[in-house]
Amino acid sequence: MSLELSAPPQPAPTCANDGVWLECIECGEQFAPFEEIHYTCAECDGLLEVRYGDPPTFEDFEGSGVWRYNAALPFEKGVTLPEGSTPLHNVPRLREEIGVDNLRIKHEGMNPTGAFKDRGMTVGVAVAKELSVDRLACASTGNTSAALAAYGARGDMETLVLLPSGKVAAGKIAQASLHGARILEVDGNFDSCLDIVQDLASLGEVYLLNSLNPFRLEGQKTIGFEILEEHYNDYGKYPDRIVLPVGNAGNTAALYKAFRELVAGGALDESEVPKLTGVQAEGAAPMVEAIENDRDETRRWENVETKATAIRIGNPVNAPKALPGIYNTGGTAVAVSDDEITDAQRDLATAGVGVEPASAASVAGLRKLRASGEIGADESVVCLTTGHLLKDPDAAFEAGGDPEPVANDTDAVLEHINAGQKGALGGIAQKVSAAARSAGVSALVGGGIGLAYLAYRQLRSDSE
Ligand code: F0G
């Protein structure tokens with residue numbers, strides 16, 4: 001119903017606060033936005049969306065970052081670090097190799113905590129303040145917890161994060177820890193963590209800041225506004241397609257919402273809306289399964305596995321918002337292997353763009369869909385890279401080249417580089433991980449780069 005691309009603007013109902021209200025995407029029930037806490041519909045438990053009586057146009061936007069788009073947000077400004085205004089990289093060699101008319105990389109890893117989550121948190125934490133809650137919480141594959149910890153700290157609020165034990169990349173735990181979150185490691189996957197944190201939220205113990213919270217997606221939809229504006233400035237047209245990694249499907253839902261709002265405000269024609277194309281890892285692909293079977297809901301995968309731990313998710317809670325986004329824009333979804341993800345991560349790194357594995361899934365998916373002909377050579381494509389390389393130092397070590405030990409002597413260094421002995425210590429990265437594991441220490445929890453480097457030095461001194 002209301003998730004149609006052509007849905008007309010709605011008049012604000014009496015429960016609206018300054019033209020803003022919450023509405024159930026299933027039954028249409030409407031709620032005041034800040035009187036009580038609602039995550040899902042009190043009538044039917046459907047997902048809620050933030051709605052506005054006055055849809056935005058491009059002329060309404062001024063300033064920079066997420067809050068440039070405050071005409072399309074519930075507040076003028078929130079707790080900010082600041083976030084948004086991320087680069088839209090040109091990658092000409094990769095574009096040529098993949099074979100599309102135009103390819104840009106929207107690098108969300110350049111946000112303050114290194115992932116797109118900051119856009120959601122700047123709005124989400126502002127709402128938490130408005131509601132006068134004091135304890136914020138989330139389940140997370142890592143990035144949400146890092147962002148929540150940083151924005152919670154900035155907003156002077158208590159933060160609690162639930163993480164799947166042993167499955168969160170080192171950089172992300174380090175961030176949550178240093179920014180002062182209380183970290184609870186659950187013996188289960190992300191989906192179980194989210195079940196628990198939802199229970200805590202419904203008991204009133206915590207304010208939930210996962211993307212189930214509709215206000216988070218308000219911040220994240222600004223990625224869509226930024227891409228459209230910058231692409232239009234550069235080429236006088238909007239991209240044909242946006243390819244993005246999918247986990248809980250929050251971004252897919254958020255980008256679609258940005259486009260719907262611009263269409264409702266008459267700023268964007270339906271024919272100009274980019275095709276939303278989701279990419280999942282083969283070991284965690286319930287959205288792809290739904291799209292391939294033409295279904296409008298996902299089936300929960302109990303067992304998920306992928307090297308791209310950020311998207312190791314079997315029950316994408318935002319699927320009811322995201323699937324219409326993919327169908328109604330003429331997009332699609334595709335699953336890629338971990339090896340394809342690593343190849344894409346290396347390719348991006350070669351172009352100077354450092355991303356974590358989940359982010360590289362977008363480029364891996366583009367390559368696969370281009371090879372199969374589903375994406376045409378004449379398309380202008382934007383790939384979203386969602387997190388920074390340093391988020392997952394262990395994955396970077398594994399995908400990258402190995403350090404070469406040399407003597408503490410210029411002549412010896414010269415001789416070494418001229419002899420071209422690159423990779424003389426082949427396999428050191430694997431040895432490092434093995435050493436860390438055999439020491440019974442999780443390199444993930446223990447702190448990635450630091451630990452891996454110490455293990456590497458230990459190996460070196462052992463071999464000297
Ligand atoms: N890429 C990265 C780097 C992520 O951290 C996530 C989600 C996604 C993609 C998927 O985005 O959920 O909007 O489809 N990470 C969440 C977390 C689940 O807890 O950090 P989505």
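Trainee: Is C41 buried or exposed, judging by its relative accessible area?

Mentor: This is a predicted model, in which local features need pLDDT of at least 70, side-chain atom pairs count only at pLDDT 80 or more, and totals for chains, interfaces and linings use all residues. Residues are numbered from 1 along each chain as its sequence is written, and side-chain values use heavy atoms, with hydrogens and water left out. Buried means under 20% relative accessible area, exposed over 50%, and partly exposed in between (1.4 Å probe, protein chains only). With a relative accessible area of 4%, C41 is buried.

Trainee: How far is the sulfur of C41 from the closest cysteine sulfur?

Mentor: A disulfide here is a pair of cysteine sulfur atoms within 2.5 Å, and the structure holds zero of them. For C41, the closest cysteine sulfur is in C27, and that is too far for a bond because the separation is 3.7 Å.

Trainee: Which helix gives the most to the largest nonpolar core?

Mentor: A nonpolar core is a set of buried Ala, Val, Leu, Ile, Met, Phe, Trp, Tyr and Cys residues joined through side-chain atoms within 4.5 Å. The largest has 58 residues, and V127, L136, Y207 and F215 have the most contacts inside it. Helices (H or I, at least four residues) and strands (E, at least two) are DSSP runs numbered from the N terminus. With six residues, spanning 117-130, the top contributor is helix 2.

Trainee: Which residue of the pair V123 and V127 is among those with the most contacts inside that core?

Mentor: Contact means heavy atoms within 4.5 Å. Leaving aside neighbours within four places in sequence, F215 touches both V123 and V127, with L22, P33 and Y207 also among its partners. The one listed among those with the most contacts inside the core is V127.

Trainee: How many residues of helix 2 are buried?

Mentor: Good one to check on the model! The elements covering the buried residues of helix 2 include strand 5 (102-107), strand 6 (135-139) and helix 3 (143-154). K117 and V127 are among those buried residues. Helix 2 is mostly covered: of its 14 residues, the number buried is twelve.

Trainee: Which residue of helix 2 has a polar side-chain atom 2.8 Å from a nitrogen atom of the ligand?

Mentor: A polar contact is a pair of N or O atoms within 3.5 Å. Ligand oxygen atoms lie 2.8 Å from a polar backbone atom of T141 and 2.7 Å from one of G247. For the ligand nitrogen, the side chain in question belongs to K117.

Key:
Polar contact = N/O pair within 3.5 Å; in protein donor to acceptor, adjacent residues only side chain to side chain.
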